Every structure is written in C-alpha cells, then in structure tokens.
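User: I'm new to reading structures and would like a walk through this one. Could you take me through it one feature at a time?

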Amino acid sequence: MKQFSDLTEQEVLALAITNEEEDSRIYRGFAEGLREKFPSSAKVFDEMAEEEVTHRTMLFDLYRQKFGDYLPLIRRQDVKGFIQHKSSLWLMRPLGLDEVRKFAENMEVVAERFYRKAAQTARDVSVRKLLIELAEAEADHENLAHKLTEEILTVGARATEDAASKRVFMLQYVQPGLAGLMDGSVSTLAPLFAAAFATHNTWQTFLVGMAASVGAGISMAFAEGLSDDGSLTGRGTPWIRGPVCGLMTAIGGLGHTLPYLIPHFLTATMVSIVVVAIELATISYIRHRYMDTPFMQATFQVVVGGVLVFIAGILIGSS
C-alpha cells in the first residue's frame, strides 16, 4: 500500500475518480435495496447516485486535459489511511432504513474530513489545491443529500417509511425474540422445578436446567429459521430470525437456571422464583410495548401460562 503523501497529482485525481464511481454504485445499491419497502428514500439515493456520476464525469474531463486518456487503477484499498468501507451494507437484504441513512451521511462527512486533513499535509501547491476542491465537493454532496431529502422525502412519506421500518424491525427481531423468550422462560420451568423437587440437589437441578435451556434454544433456532424464508411474509432472512429466537430462548431458560449454582437448595429456589417473576413481567412489558397488548391482559395471559407450567413441574417432581 502507498502512503497518501507519496501519491502524485495524477494518482490523487485518479483516486478521486474511482471514489466517485464507487460511491455512485453504493448509492445505487441502497436504492435497489430500499425500492420495494421505501420507494421515496430509494428515489433520494437514485438522485444522489446521478450526482456522483456527474462529479465523476467532471473529474475525468479535467484529468484527460492534464494527463491524457490513461487512467491508472488506484483504489481505496491501495492507499494507506484512505477511507475504507468496512461493511458491505449496500449488498445486504433486507436493508434497514435508519442504518442506510446513517451510513450515507458518514460517507460524505468522512470523505470531506479526510480530504481536508490530507490537504494540510500536502507539500505540492497544486495537490493541496486539488484536495481542498475535493473537500468542498464532498461538503456539497452532504448539502445535496439534505436538499433531496427535503424535496422527495416529505413528512408524509417519511412517516410512512418509518412505520414500514418499525414493522420490519418487529417482524425480524421483536417477534422471533419474544417467541424465544416466552418459550425459554415458560417451557423450561417444568423440567427445572421437577428436577429441583425430585432431587433437592442444586447441582443436578442446574444441569437439567442447562440442558433444557440449550436444547430449547437450538430447537427454536431451527424451527424459526426453517419456518419460512421471508420472501412471502416479509419477515426477513432466516439467518437473522433463527439465531435471535434461539438465543432469546436459551436466555429465557438460563435466567432461572443460574440461581441453582447457589449450594443452599431453599435459597436457590427462592431466587429462581424471583427471576421467573421478573422474566414474566419483562415478557408482559414487551408484549405491551411492541404488540399493543393491554398491559394487564398481557400480564394475565403470561402469568397464567407460567404458573400452570410451574405447578406442573412441582407436582411431577414431588410425586
């Protein structure tokens, strides 16, 4: 990799051209990824991509006037300290609207700061002048993004897209996570407390709880991931939903399993019961917060189910 300070004026200009072309393609990727669910935002990125193409053309015309038709291949990754996009967000599907907006804003801000910093260290007057001009161009890009957003992404359009973004978040993260938390918190109660009251041995109870939690987590991860591929339901990739559901299932079971690391049986059991109450309250709050379920109704439904499973475990373990 070359040091930025070692680049010639020709190489700096070639690098700027490559940068503009790459940014244009990134914006095109954002537009395509958002077009189905967020058409207004997709149009903003289409316009930004076109503007990047215009800037690339202007830079290339200037380059040809000074250096001819040969354009050396020099990219971000060829220059030490140059701007690197560490995440290929534009290739991911589905795209998160807020994540894309922040990424695009950072693209322009970081580029402008880099050019200004490079201009301060440049010794050649012509290179310094070019870097300052590039910094101003990046600042104009940022202003353009705000202008296009105001013109295209109206208040109504933004509200519609924000609602769609919330719905996508619900389908991909909240619902599978809540399903896993409910399954892990409730389904593992019976084997855990059955083992506890059958053996009165905290270590054996802990092992049973661990096995039930981990097993339920793996089972729920596969069940959620294989339930559908998200293409028709809009629930997103199973590679996200499955792990989210499995992880929350395991967490739900481990919460009331870990207290049985306490050697004293009665103390461990009392702490575990308190943890169960906290878990059920958390589930009720999530249902109320994200599912628009009245809090008392959500609490009643969750508590009744949890208590029934809890009693079943105690009765089976004590028999």
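**Reading the model, step by step**

Analyst: Let's start with one residue. Ala-281 sits in helix 9 (residues 265-290). This is a predicted model, so keep confidence in mind as we go.

User: Is Ala-281 buried, partly exposed or exposed?

Analyst: Relative accessibility tells you. Buried means under 20% and exposed means over 50%, with partly exposed in between. Ala-281 has 41% relative accessibility, so it counts as partly exposed. You can also ask what lies across from a residue in space: the C-alpha atoms of Ala-281 and Val-303 are separated by 8.3 Å, while the two residues are 22 apart along the chain.

User: You mentioned confidence. Where is it lowest and where is it highest in the protein chain?

Analyst: Where pLDDT is low, the predicted coordinates should not be read in detail. Here the mean is lowest in helix 4, at 66, and highest in helix 7 (residues 202-227), at 89. Over the protein chain the average is 79, and 81% of the residues score at least 70.

User: Now the overall layout. How many helices and strands does the protein chain have?

Analyst: There are ten helices and two strands. Reading along the sequence, you meet them as β-α-α-β-α-α-α-α-α-α-α-α. Of the 319 residues, 45% count as buried. As for contacts between residues at least 6 apart in sequence, 71% join residues at least 24 apart. The accessible surface comes to about 17,000 Å², and 62% of that belongs to carbon and sulfur atoms.

User: What does a single helix look like on close reading? Say, how far does helix 10 reach from its first C-alpha to its last?

Analyst: Helix 10 covers residues 295-318, which is 24 residues, and reaches 34 Å, close to the 34 Å expected at 1.5 Å a residue. Next, look at spacing. An α-helix has 3.6 residues a turn, so residues three or four places apart point the same way. Try that idea on the buried residues of helix 10: Ala-298, Val-302, Gly-306, Gly-313 and Gly-317.

User: And salt bridges? How many does a search of the whole structure find?

Analyst: Side chains of opposite charge can pair when their charged atoms come close. The search finds ten salt bridges. Take Lys-129 and Glu-133, whose side chains meet at 2.5 Å, N to O. These two are four residues apart in helix 4 (residues 125-152), so about one helical turn separates them. Glu-133 has 38% relative accessibility and therefore counts as partly exposed.

User: Which salt bridges does Arg-28 make with Asp-46 and Glu-50, and at what N to O distances?

Analyst: Arg-28 meets Asp-46 at 3.6 Å, N to O. That pair links distant parts of the chain, since Asp-46 is in helix 2 (residues 39-67) and Arg-28 is in helix 1 (residues 9-34), 18 residues apart. Arg-28 also meets Glu-50, at 2.1 Å, N to O. Glu-50 lies in helix 2 and Arg-28 in helix 1, so this pair ties together parts that are 22 residues apart in sequence. Both partners are partly exposed: Arg-28 at 31% relative accessibility and Glu-50 at 39%. Zoom out and you find a network of salt bridges linking Arg-28, Glu-32, Arg-35, Asp-46 and Glu-50.

User: What about the inside? Which residues have the most contacts within the largest nonpolar core?

Analyst: That core has 20 residues, and the ones with the most contacts inside it are Phe-4, Leu-7, Tyr-115, Leu-131 and Leu-134. Helix 1, helix 2, helix 3 (97-121) and helix 4 each give two or more residues to this core. The largest share, six residues, comes from helix 1. Another core, of 18 residues, lies apart from it, and among its members are Leu-189, Phe-265, Ala-268 and Ile-283.

User: Let's zoom in on Leu-7. Where is it, and which residues beyond its neighbours in sequence is it in contact with?

Analyst: Leu-7 is in the loop between strand 1 (2-3) and helix 1. At 7% relative accessibility, Leu-7 counts as buried. Leaving aside neighbours within four places in sequence, its contacts are Lys-2, Val-12, Leu-15, Ile-74 and Val-79. Val-79 is 72 residues away along the chain, yet the C-alpha atoms of Leu-7 and Val-79 are separated by 8.7 Å.

User: Last one: what is the phi of His-200?

Analyst: Phi of His-200 is near 55°, a positive value in a residue other than glycine. His-200 lies in the loop between helix 6 (189-199) and helix 7, and at 48% relative accessibility His-200 counts as partly exposed.

Terms used:
Residues are numbered from 1 along each chain as its sequence is written. This is a predicted model: local features need pLDDT of at least 70, side-chain atom pairs count only at pLDDT 80 or more; totals for chains, interfaces and linings use all residues. Side-chain values use heavy atoms; hydrogens and water are left out. The expected span of a helix is 1.5 Å times one less than its number of residues. Buried means under 20% relative accessible area, exposed over 50%, partly exposed in between (1.4 Å probe, protein chains only). A salt bridge is a side-chain nitrogen of Lys or Arg within 4 Å of a carboxyl oxygen of Asp or Glu. A nonpolar core is a set of buried Ala, Val, Leu, Ile, Met, Phe, Trp, Tyr and Cys residues joined through side-chain atoms within 4.5 Å. pLDDT is the predictor's confidence in each residue, from 0 to 100. Contact means heavy atoms within 4.5 Å. Accessible areas come from the Shrake-Rupley method with a 1.4 Å probe; for residues, only the protein chains shown count as cover.
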